[in-house]
Protein chains: 2
Amino acid sequence: MAECTERTPRVVAARKLHRRAARERVGRFLAEGAQAVGAALAAAPGSVRVYEVFVTPAAADRNPGPLAAAHAAGVTVSMITERAAAALSETVTPQGLVAVCGLLDVPMAEALDGDPRLVVVLVGASDPGNAGTVIRVADAAGADAVLLAGDAVDPHNGKCVRASAGSVFHLPVARERDVATALAACREAGLRLFAATAIGERDLHDPATSAALAGPAAWLFGNEAHGLPAEVAAAADERVRVPIYGRAESLNLATASAVCIYATALVQRGATISPDAAR
Amino acid sequence: MAECTERTPRVVAARKLHRRAARERVGRFLAEGAQAVGAALAAAPGSVRVYEVFVTPAAADRNPGPLAAAHAAGVTVSMITERAAAALSETVTPQGLVAVCGLLDVPMAEALDGDPRLVVVLVGASDPGNAGTVIRVADAAGADAVLLAGDAVDPHNGKCVRASAGSVFHLPVARERDVATALAACREAGLRLFAATAIGERDLHDPATSAALAGPAAWLFGNEAHGLPAEVAAAADERVRVPIYGRAESLNLATASAVCIYATALVQRGATISPDAAR
């Protein structure tokens with residue numbers, strides 16, 4: 001079988017999925033590398049559709065697992081040249097293994113179905129690497145879903161998919177442009193809303209905060225440059241700050257979310273924190 | 001006073017500091033933006049030397065605080081053109097405000113002086129953005145020092161300085177090429193060594209781990225791609241994993257370090273975690 005080149009129509013069509021407009025028009029996106037392709041193929045039936053896998057001969061030798069999974073799932077596997085792999089990659093070191101997947105969006109009601117305990121809401125997140133990192137943290141901490149609310153980054157952006165290290169395929173990701181609608185849906189699902197903000201009146205490490213986080217919780221995180229809009233923070237049930245014990249002004253979005261999400265996972269598993277450790 | 005252009009010798013000399021070799025030869029580096037320049041000028045006397053500040057007329061209007069601090073400290077302030085500011089910047093949106101600072105390296109013995117309680121050791125960190133982010137987390141959590149051990153990124157790299165958001169000026173940063181020497185110095189300083197590794201035998205959320213972390217602790221974090229070398233993990237007193245409650249394989253360096261460092265800051269401030277929340 002001849003290898004597809006960077007000029008083969010299917011490769012040309014797939015390459016266009018680097019652009020958001022093309023992804024939205026076609027309803028597909030690219031997942032690159034063994035971790036992402038493996039996660040896409042291992043996703044729950046019905047949650048992710050994999051249309052096609054492109055692989056170079058060298059990458060095929062390195063990745064028997066994902067290719068066997070593709071064959072078992074009846075997914076077309078096409079051999080491609082190294083130049084075609086470079087065209088399908090956005091990185092300087094192409095992995096040689098790329099899957100064309102259907103968009104991951106889940107309706108918000110479905111993402112919040114089934115009495116969620118821990119949901120992460122990114123409000124106006126604009127950096128795809130940060131969004132992917134937070135999705136990875138949410139997945140690692142066992143969160144039930146991630147909502148991208150407001151004018152948010154596309155979770156199918158290559159940087160987001162890479163930063164998530166496969167996690168975009170592990171838990172439901174829903175998008176809702178209207179932030180108030182997203183917050184109302186979280187409340188409807190029985191979640192208490194915790195806004196992460198440097199000027200929050202509650203300290204994350206205060207035992208009273210921990211006790212509140214033991215119940216079903218939705219964390220709201222804002223844009224990496226501007227934080228949460230004041231009206232969104234005001235609409236939450238609690239405004240929580242990560243305590244700063246040193247001289248930094250704040251943490252960045254990814255690290256602040258990791259601290260908040262893991263503190264929640266800890267107390268939701270029955271731990272209690274005592275005595276008062278807040279400043 | 002005429003503004004310096006990108007061809008003015010002092011600007012040409014400063015611009016060379018984008019390169020590590022030039023920084024090491026001259027013993028100076030660049031800090032860009034109000035936050036970094038302000039932190040450099042506000043650093044403890046003797047800890048940071050600021051040689052010169054370059055500012056555009058527009059940035060001078062926006063940043064009266066740092067400029068007043070520069071004048072008060074007797075630091076030369078030179079007006080520069082926008083093109084000179086672009087030449088001194090590594091970003092697509094130059095801040096128009098750049099300080100030429102002396103290298104921050106502190107001898108390891110000095111960084112570990114005075115009964116440290118919490119020290120962060122980055123072993124073989126190669127991504128400057130990650131290193132800067134971890135330095136920011138260490139600062140926020142009130143750590144006493146950061147050590148860069150092994151073949152490590154230069155903390156004066158522009159990406160590291162930016163990611164640290166001023167924190168490189170807030171706590172001692174020491175470099176030691178020999179990892180065993182760095183670990184021995186930590187032990188000598190009374191610190192127990194905790195290696196962060198996905199295959200650690202202890203769960204971070206286990207109360208026994210928390211109890212151990214309440215004493216003086218040094219956290220060892222590995223390279224973002226390869227983790228800690230096996231022999232370094234083996235040389236630590238404890239090997240600790242961040243629990244994964246979902247389907248992610250792991251966290252990335254920045255978020256894992258944030259979870260570990262903040263869990264430590266919590267228990268070092270007198271909190272206890274109970275009952276057993278480990279899986």
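Which strand of chain B is joined to β1(B) by bridges, and how many bridges are there? The partner is strand β4 (residues 97–102) of chain B: 5 bridges join the two strands, which run antiparallel. One of these pairings puts Phe29(B) opposite Cys101(B), its bridge partner in β4(B). Keep in mind as you look around that this is a predicted model.

Let's stay with β1(B) for a moment. In a regular strand, side chains alternate between the two faces of the sheet. Here, both faces of β1(B) are covered. On one side sit Arg28(B), Leu30(B) and Glu32(B), on the other Phe29(B) and Ala31(B), and all of them are buried. Because 5 of the 5 residues of this strand (residues 28–32) are buried, β1(B) is largely enclosed by the rest of the structure.

Now for how the two chains meet. The contact draws on 36 residues from chain A and 36 residues from chain B. On chain A's side, the elements that give two or more residues are α8 (128–140), α13 (253–268) and β12 (272–274). Of these, α13(A) gives the most, with 7 residues.

Strand pairing also crosses between the chains. β12(A) pairs with strand β12 (residues 272–274) of chain B in the antiparallel sense, over 3 bridges. If you want a spot to look at, try Thr272(A), whose bridge partner in β12(B) is Ser274(B).

How do the two copies relate? Two copies of a chain are related by a rotation about an axis and a shift along it. In this model, a turn of 180° and a shift of 0.0 Å along the axis lay chain A on chain B with an RMSD of 0.0 Å. That is the relation of a two-fold axis. The same surface serves both copies, too: 100% of the contact residues of chain A recur in chain B.

Inside chain A there is another meeting place. The domain assignment gives domain 1 (9–102) and domain 2 (108–268), and 29 Å separate their centres, taken over C-alpha atoms. In the contact, 13 residues of domain 1 of chain A meet 8 residues of domain 2 of chain A. On the domain 1 side, α2 (20–26), β1 (28–32) and α3 (34–42) of chain A each supply at least two residues. α3(A) gives the most there, with 4 residues.

Here is the make-up of two of these contact sides:

| Side | Nonpolar | Polar | Charged |
|---|---|---|---|
| Chain A, touching chain B | 20 residues | 11 residues | 5 residues |
| Domain 1 of chain A, touching domain 2 of chain A | 8 residues | 2 residues | 3 residues |

Definitions and conventions. Residues are numbered from 1 along each chain as its sequence is written. Chains are lettered from A and ligands numbered from 1 in the order in which they are written. This is a predicted model: local features need pLDDT of at least 70, side-chain atom pairs count only at pLDDT 80 or more; totals for chains, interfaces and linings use all residues. Two residues are in contact if their C-beta atoms, placed from the backbone, lie within 7 Å. Ala, Val, Leu, Ile, Met, Phe, Trp, Tyr, Cys and Pro count as nonpolar, Asp, Glu, Lys and Arg as charged, and the others, Gly among them, as polar. Two strands pair if DSSP finds at least two bridges between them. Copies are superposed by least squares on the C-alpha atoms of residues with pLDDT of at least 70 in both. Domain bounds come from an automatic or database domain assignment. A residue is buried if 20 or more other C-beta atoms lie within 10 Å of its own, exposed if 12 or fewer, and partly exposed in between; C-beta atoms are placed from the backbone.
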